[in-house]
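Hi,

Here is the structure I promised to pass on to you. Have a look around it first, then read my notes below.

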Amino acid sequence: INAEYMGTFTPPLMLLAGLGREVARSRLPLAAMPWAVRSFHVPKYRHVDTPYNNADTPFEFTDANMEKISQILKKYPKQFKRSAVIPLLDLAQRQHNNWIPLAAMNKIAKILDLEPVKVYEVVTFYSMFNREPVGKYFIQLCGTTPCQLCGSEQLTAAIEKHLGIKEGGTTEDGLFTLLEVECLGACANAPMVQINDDFYEDLTVETTIKLLDDLKAGRPVKVGPQNGRNTCEGILGKTSLLTPVGGPYCRDL
């Protein structure tokens, strides 16, 4: 149940939920209850015109990207060129500072001979596509269970304090946007963040702050684990396959 819409539990509803008579009488706000779950970012699917993002905002692919589009379309039969919608959206987002304006979606619809709504459906389905401006460094912080148990909430608090923004916000200088997301598939390296295309794993509050400072200063940063381990290797290091494996191999049989 979402506190934003429910506000408080009414006594009958609480009794039906089996939460007890005394709790039912309290009429506490849901967010104040001990079992209240954390909220996740929910994208807004309805487009609202703005001066910087409307159907009349100019957008054209660069000549270099038009050449890439030509090569991409060659991968698909002409009658199925609509299958190129995701690669073209990715291309538009990379060209346009990591977000896709409405005009770019309409442009892609024309290139692929699609109704614009078909492109809108794809953009609003995949969280990898941004429909509003984000910072130069787009921080996606995993908040799913393994990362949460390993300290993602502490990382969120530290990032918010260090950058002076809240989750979902962008710094005034336009450098950083922070967004909590669901599982990014690096559970063995929890907690972790994805910044633009790269994973930064095995984070602590200290290494996270250092990472942000290095990015802001333009210093080189190390992608991957930040605690010195090799990929997702265990803390004991390599314990098996220490020598080359002899044949025969299945591929040779």
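**A patch on the surface**

Ile-86, Phe-125, Tyr-126 and Met-128 together make a nonpolar surface patch of about 400 Å². Before you go hunting for it, keep in mind that this is a predicted model. Met-128 sits in the loop between helix H7 (116-125) and S1. Is Met-128 buried or partly exposed? Its relative accessibility is 43%, so Met-128 counts as partly exposed, given that the partly exposed class runs from 20% to 50%.

**The whole protein**

Now zoom out. You should find 10 helices and five strands. The protein has 253 residues, and 35% of them count as buried. About 16,100 Å² is exposed, with carbon and sulfur atoms supplying 57% of that area. If you take the contacts with a separation of 6 or more, 60% come from residues 24 or more positions apart.

**The sheet**

The five strands form an open sheet, and its order is S2-S1-S3-S4-S5, with mixed pairing. S2 and strand S5 (224-225) are at the edges with a single partner strand each, so one side of each has no neighbour in the sheet.

Let's walk through some of the pairings:

- S1 and S2 run in the parallel sense and share six bridges. Phe-138 has Thr-177 in S2 as its bridge partner, and for Leu-141 the bridge partner in S2 is Glu-180.
- S1 and strand S3 (residues 193-195) pair in the antiparallel sense, over three bridges. Here Gln-140 stands opposite Gln-194 in S3.
- S3 and strand S4 (residues 198-201) also have three bridges and pair in the antiparallel sense. Gln-194 is opposite Phe-199 in S4.

How many residues of S1 are buried? Six of the six are, so S1 is largely enclosed by the rest of the structure. Side chains in a regular strand alternate between the two faces of the sheet. In S1, Tyr-137, Ile-139 and Leu-141 are on one side, Phe-138, Gln-140 and Cys-142 are on the other, and all of them are buried, which leaves both faces covered.

S2 is mostly covered too, with six of its six residues buried. Phe-176, Leu-178 and Glu-180 point one way from S2, while Thr-177, Leu-179 and Val-181 point the other way.

**One residue to click on: Gln-140**

Gln-140 belongs to strand S1. Its relative accessible area is 12%, so Gln-140 is buried; the cut-off for buried is under 20%. Which residues does Gln-140 contact, if you leave aside its neighbours within four places in sequence? They are Leu-179, Val-181, Leu-184, Val-193 and Gln-194.

**A glycine in the loop before S1**

Gly-135 is in the loop between H7 and S1. With a relative accessibility of 2%, Gly-135 counts as buried. Not counting residues up to four places away in sequence, Gly-135 touches Thr-170, Gly-174, Leu-175, Phe-176 and Thr-177. Try the distance from Gly-135 to Asn-98 as well: they are 37 residues apart in sequence, and their C-alpha atoms are 8.2 Å apart in space.

**Two helices**

Start with helix H9 (residues 152-163). H9 has 12 residues and reaches 16 Å from its first C-alpha to its last, close to the 16 Å expected at 1.5 Å a residue. The buried residues in H9 are Ser-152, Leu-155, Thr-156, Ala-158, Ile-159, Glu-160 and Leu-163. What do the buried residues of H9 pack against? Their partners are strand S1 (137-142), helix H8 (145-149), strand S2 (176-181) and helix H10 (205-217). After H9 comes Gly-164, which has a positive phi, near 75 degrees.

Then look at helix H5 (residues 85-95). Val-85, Leu-88, Leu-89, Leu-91, Ala-92 and Gln-93 are its buried residues, and the buried residues of H5 pack against helix H4 (63-73), helix H6 (102-111) and H7. H5 is followed by Asn-97, whose phi is positive as well, near 55 degrees.

Have fun with it!

Terms used
Residues numbered from 1 in each chain as written. Predicted model: local features only at pLDDT ≥ 70, side-chain atom pairs only at ≥ 80, totals over all residues. Heavy atoms only, no water. Helix = DSSP H or I, 4+ residues; strand = E, 2+ residues; numbered from the N terminus. Expected span 1.5 Å × (residues − 1). Buried < 20%, exposed > 50% of the residue type's maximum accessible area, 1.4 Å probe, protein only. Contact = heavy atoms within 4.5 Å. Pairing = 2+ DSSP bridges. Patch = residues over 30% accessible without salt bridge, like charges linked within 9 Å, V, L, I, M, F, W, Y side chains within 5 Å. Areas by Shrake-Rupley, 256 points an atom, 1.4 Å probe, with all protein chains shown as cover. Salt bridge = Lys/Arg side-chain N within 4 Å of Asp/Glu carboxyl O.
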